[in-house]
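Welcome! Have a look at the sequence and the model below, and keep both at hand while you work.

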Amino acid sequence: MIKLTNLLKEIIESSDFNLSLKDFLDKYNQEFFPNFTPKNKSLEPHGTIDIKNIDPSEYDDWEELLSLPREQEKIQKLSNQKQPLTPILLSLLKGYRGLVLDGHHRVAANIQQGKNKIDYILDLESLIDMWLNKNNQSSSPKIREDLLQKYINV
C-alpha cells in the first residue's frame, strides 16, 4: 500500500509546508471546483502513479469499464490521441489506494495502450489532508470539509 505522503515526493515533497493552508492550496490546487478537473488547460501533474494502485470510483474494476460497449468509442478515441492525456483527478482519503474521481476513460485508454502508469493531480481534500498531516494537525472528514468550504467560499 502507498501512503499519501510517500506518493507525493515527486512534486510536492519540496514544497514549503510552512505556507498557510490557503497559500498551499493556491499553489497546488488544479481543480476548477471540488471533484472537477479543468479540461481546457494544460495541467501540471503532481506525479505519476502505477495504475494497479488506483481504483475506479464509478465501476467495480477497470475490466468492467473496458468491457462496456457504450464506452469503447470514447476509450478508443483517447487511445488514438498523439498528445499526452490530461492527468486524472485522484483522491487518497479512503485508505492508501488512490480513488479516481475524474479520468476513468483516460485510465482505460492507458490500460488499452499497455501503459502501467498515469499522471495524476490530487483533489482538494487530499491536499488539505496532506497539509494537516505535515503540520501535525488532526484530520477528519468534518475538519477537511470545513476547511474545504472555507477555501472555496473565499
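The exercises below each give a task and then a worked solution.

This is a predicted model, in which local features need pLDDT of at least 70 and side-chain atom pairs count only at pLDDT 80 or more, while totals for chains, interfaces and linings use all residues. Residues are numbered from 1 along each chain as its sequence is written, and side-chain values use heavy atoms, with hydrogens and water left out.

**Exercise 1. The sheet**

Task: Work out the order of the strands in the open sheet, and find which strands stand at the edges.

Solution.

Step 1. Start with the terms. Helices (H or I, at least four residues) and strands (E, at least two) are DSSP runs, numbered from the N terminus. Two strands pair if DSSP finds at least two bridges between them.

Step 2. Read off the order: the five strands of this open sheet follow β1-β5-β3-β4-β2, and the pairing is mixed. β1 (47–50) and β2 (54–56) each have a single partner strand, so one side of each is left without a neighbour in the sheet. From one strand to the next, the twist averages 55 degrees.

Step 3. Recall a general point. Strands of a sheet pair through backbone hydrogen bonds, either parallel or antiparallel.

Step 4. Check the directions. β2 and β4 (residues 98–102) run parallel and are joined by three bridges; within this pair, I54 has G98 as its bridge partner.

**Exercise 2. A strand with two neighbours**

Task: Describe how β3 pairs with β5 and with β4, and decide whether its faces are covered or open.

Solution.

Step 1. Look towards β5: its pairing with β3 is parallel, over three bridges. Here L122 of β5 is the bridge partner of L90.

Step 2. Look towards β4: this pairing with β3 is antiparallel, again with three bridges. L90 has V100 of β4 opposite it.

Step 3. Now turn to the faces. Buried means under 20% relative accessible area, exposed over 50%, and partly exposed in between (1.4 Å probe, protein chains only). I88 and L90 are buried on one side of β3, and L89 and S91 are buried on the other, so both faces are covered.

Step 4. Find a helix that lies across the sheet strands. Helix α5 (residues 104–112) lies across β2, β3 (88–91), β4 and β5 (117–122), and runs at about 115 degrees to β4.

**Exercise 3. Salt bridges**

Task: How many salt bridges does a search of the whole structure find, and how accessible are the partners D26 and K22?

Solution.

Step 1. Use the cut-off: a salt bridge is a side-chain nitrogen of Lys or Arg within 4 Å of a carboxyl oxygen of Asp or Glu. The search of the whole structure finds six.

Step 2. Take D26 and K22, whose closest N and O atoms are 2.6 Å apart. They lie four residues apart in helix α2 (residues 21–28), which means that about one helical turn separates them. D26 is partly exposed at 40% relative accessibility, and K22 is partly exposed at 42%.

Step 3. Set another pair beside it: R106 and D102 form a salt bridge, with closest N and O atoms 2.9 Å apart. R106 is buried at 8% relative accessibility, and D102 is buried at 15%.

**Exercise 4. Two helices that pack**

Task: At what angle do α6 and α7 pack, and which salt bridge network includes E125?

Solution.

Step 1. Axes are lines fitted to C-alpha atoms, for helices over the stretch in contact, and angles run from 0 to 180 degrees between N-to-C directions. The axes of α6 and α7 are 10 Å apart, and the helices pack at about 115 degrees.

Step 2. Contact means heavy atoms within 4.5 Å. Among the residues that make this contact are L124 and I128 of α6 and L147 and Y151 of α7.

Step 3. Follow the charged pair: E125 and R144 meet in a salt bridge (3.5 Å, N to O). E125 belongs to α6 (residues 124–134) and R144 to α7 (residues 141–152), 19 residues apart. E125 is partly exposed at 22% relative accessible area, whereas R144 is buried at 10%. Salt bridges with shared partners join E125, D129 and R144 into one network.

Step 4. Finish with burial: eight of the 11 residues of α6 are buried, including W131.
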